[in-house]
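Trainee: I would like to learn how to read the features of a model like this one. Where should I begin?

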Amino acid sequence: MTDVTTEVKVTAASDIEVDHEALDRSIHEFAGPNGDYYVKAFHKIHDATSAVPNTFNLWAGVLGPLWSASRAIWGMFWTFLILEIIAWVQIGRGAWGNPGADMVERAERQQARADELLARAADATEKADIDRFTKLAANIQKAADASFGKAAAAQSEALSIMITGLLMLLVFKLAQGFYADRVYEKQYSKWRTDPDSTESGQSRRNMVLGAVLVAAIGPLIVYKFTVNASLAMLDAFPEKEVSALILGEGGGTLFSNLASWMEAQIDAAALAGGDVFDGIVAGVRSVLDALTIALIGSPWPVVMLVICVTAWRAAGPRVAIFTASSLAYIALLGYWDVAMETVALVGAAVLLCVVFGIPLGIWFGKSRRAYRAAEPVLDLMQTLPAFVYLIPIIAFFGTGNPPGILATIIFGMPPVIRLTALGMRGVPDSIKEAAVAFGASKWQLLKDVEIPLALPSIMTGVNQTILMCLSMVVIISLIGGGGLGKEILEALQYAAKGPGLLGGFAILFLAMVMDRIVQGAFRREDERI
């Protein structure tokens with residue numbers, strides 16, 4: 001029995017030794033140069049029982065960001081590069097800078113003003129003028145003396161500023177030395193998990209890149225913040241000089257030439273495609289006119305009753321009561337017509353977004369190549385500020401409600417497209433294969449399997465589109481759009497705080513009503529499923 005136990009212990013010890021040897025080889029392979037040091041350091045880190053660093057990497061402390069660059073630890077590189085530059089700025093301010101230069105300039109201006117007032121007092125003939133100029137000169141002279149005193153105090157602190165910078169630099173160097181091995185050990189753990197996506201070893205290319213970045217960034221920042229009058233080209237980009245170099249003297253600037261060219265191209269495109277753009281505006285206006293007649297042309301009690309009943313049927317009695325209260329607020333404050341115009345604008349935009357967005361989302365959900373091609377366009381539609389694409393909207397489609405709806409569509413369509421595509425891609429392949437095995441055609445597969453299973457994601461996209469379209473109400477008023485957005489714009493122009501807040505609450509209640517109805521209908525559909 002004893003022999004068996006001893007044999008088991010020997011076997012276990014040999015296995016542990018083999019594991020340690022494999023780990024050491026792995027660390028050597030990862031670290032490359034100076035691998036023995038990192039083997040010992042990583043073992044110390046693994047065996048430590050506290051979070052306090054128990055190793056000090058001398059090269060990391062001495063070289064600082066250059067060591068981090070050579071080991072491809074770029075997060076640590078940028079962090080300590082910034083910190084060390086801050087320390088060097090303090091050292092430079094104390095060593096060769098002039099901390100009180102601003103105060104000296106201010107004091108000199110005040111002194112010159114005081115001397116000017118004293119000269120005017122000397123030239124004055126009336127006692128009242130002499131007393132006034134003398135008093136003003138005395139007050140400004142006091143301010144100048146105070147400024148000179150502050151400047152002298154700041155200049156006397158130069159040595160303490162430099163010592164503070166040196167201490168900061170020492171602290172940052174020690175921090176790099178103490179934490180370098182821990183950070184590098186974490187990178188080693190990532191490398192063991194995924195060696196293809198994590199750099200290993202010491203790279204001369206990375207070290208050269210780090211040295212170039214340090215040399216390009218550090219001296220310029222230190223120079224800018226420590227020299228009293230730095231080069232003008234460091235304060236402002238010399239765009240006029242560059243334009244003259246490219247276009248020649250008298251050729252204007254790049255901005256003016258490019259802006260003129262773009263304006264000419266847009267005018268030419270608007271003139272060439274005038275009929276097409278007019279047709280698009282006419283189509284949007286027909287949808288808007290139909291909704292406007294239904295919401296504003298119909299008697300208000302009918303419209304209010306239909307909306308409340310729809311809220312009841314879609315989302316329940318609580319939402320119906322909230323809807324009735326919101327509509328009562330809008331009507332009692334005289335916002336009924338403009339609110340219904342807003343609903344018509346949003347409804348037309350959402351209808352067009354859904355009509356075009358859902359089919360596009362289905363296509364993109366089925367074709368990854370099409371989605372990859374369209375994704376930059378969708379990103380542009382969502383990220384480009386609305387004020388930017390209002391300019392081509394005005395150029396091609398004019399002003400008013402229909403162009404406002406087109407701008408709203410640009411902003412509101414991406415969510416329904418993206419979420420529809422996401423829902424289509426989320427349909428399990430096993431279910432589609434089962435439907436095909438039972439003889440379903442492509443149309444039946446889409447209509448009876450894919451769309452019903454993707455419906456939760458599609459409805460979420462519709463809801464997001466509604467809210468994003470409603471958020472554009474105020475912005476489209478800038479190009480002649482009506483509705484509550486026009487009321488808010490007028491309140492902003494005349495700083496009318498009360499009317500602006502009341503109109504804002506009206507938009508808020510409309511958004512909440514639409515959101516509650518859509519979300520309530522979606523939840524009830526889920527419950528039935």
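Mentor: Begin with contacts: two residues are in contact when heavy atoms lie within 4.5 Å. This is a predicted model. In the protein chain, residues 24 or more positions apart account for 75% of the contacts with a separation of 6 or more.

Trainee: How many helices and strands does the secondary structure of the protein chain come to?

Mentor: The protein chain has 24 helices and zero strands.

Trainee: What share of the residues counts as buried?

Mentor: Buried means under 20% relative accessible area. Of the 529 residues of the protein chain, 37% count as buried. The chain exposes about 30,400 Å², and carbon and sulfur atoms supply 66% of that area.

Trainee: Take one residue, Thr420. Is Thr420 buried or exposed?

Mentor: Thr420 belongs to helix α19, residues 401-425. Its relative accessible area is 0%, so Thr420 is buried. Leaving out residues up to four places away in sequence, Thr420 touches Ile358, Gly361, Ile362, Ser457 and Ile458.

Trainee: Now pockets. What is the volume of the largest pocket, and which residues are closest to its centre?

Mentor: Rolling a probe the size of a water molecule over the atoms shows where empty space is left. Here the largest pocket has a volume of about 690 Å³. It is lined by 21 residues, and the closest to its centre are Ile307, Val343, Gly347, Met514 and Ile517. Elements that give two or more residues to the lining are α13 (274-297), α14 (300-315), α16 (336-366), α21 (442-471) and α24 (497-528). The largest share, six residues, comes from α16.

Trainee: How do the lining residues divide into nonpolar, polar and charged?

Mentor: The lining has 19 nonpolar residues, two polar and no charged.

Trainee: How many aromatic pairs does a search of the whole structure find?

Mentor: The search finds 19 aromatic pairs. One of them joins Phe30 and Trp191, with 5.4 Å centre to centre and 50 degrees between the planes, and is tilted. Phe30 is in helix α1 (residues 2-31) and Trp191 in helix α8 (residues 158-193), 161 residues apart. Both Phe30 and Trp191 are buried.

Trainee: Why is the pair of Phe277 and Phe397 edge-to-face?

Mentor: Planes over 60 degrees apart count as edge-to-face. The planes of Phe277 and Phe397 are at 75 degrees, with ring centres 5.2 Å apart, so the pair is edge-to-face. Phe277 lies in helix α13 and Phe397 in helix α18 (residues 386-397), so the pair ties together parts 120 residues apart in sequence. Both Phe277 and Phe397 are buried.

Trainee: Which residues do ring pairs link into a cluster?

Mentor: The cluster consists of Phe30, Tyr37, Tyr38, Phe42, Trp67, Tyr184, Tyr188 and Trp191.

Definitions and conventions
Residues are numbered from 1 along each chain as its sequence is written. This is a predicted model: local features need pLDDT of at least 70, side-chain atom pairs count only at pLDDT 80 or more; totals for chains, interfaces and linings use all residues. Side-chain values use heavy atoms; hydrogens and water are left out. Helices (H or I, at least four residues) and strands (E, at least two) are DSSP runs, numbered from the N terminus. Buried means under 20% relative accessible area, exposed over 50%, partly exposed in between (1.4 Å probe, protein chains only). On a 1 Å grid over the protein atoms alone, a cavity is a set of points where a 1.4 Å probe fits but cannot get out, and a pocket is an open set with protein on both sides within 12 Å along at least five of seven lines; lining residues have an atom within 4 Å of a point. Grid points are joined across faces, edges and corners, and a volume is the space filled by probe spheres set on the points. Ala, Val, Leu, Ile, Met, Phe, Trp, Tyr, Cys and Pro count as nonpolar, Asp, Glu, Lys and Arg as charged, and the others, Gly among them, as polar. Accessible areas come from the Shrake-Rupley method with a 1.4 Å probe; for residues, only the protein chains shown count as cover. Rings of Phe, Tyr and Trp (its six-membered ring) pair if their centres lie within 6.5 Å; planes under 30 degrees apart count as stacked, over 60 as edge-to-face and the rest as tilted.
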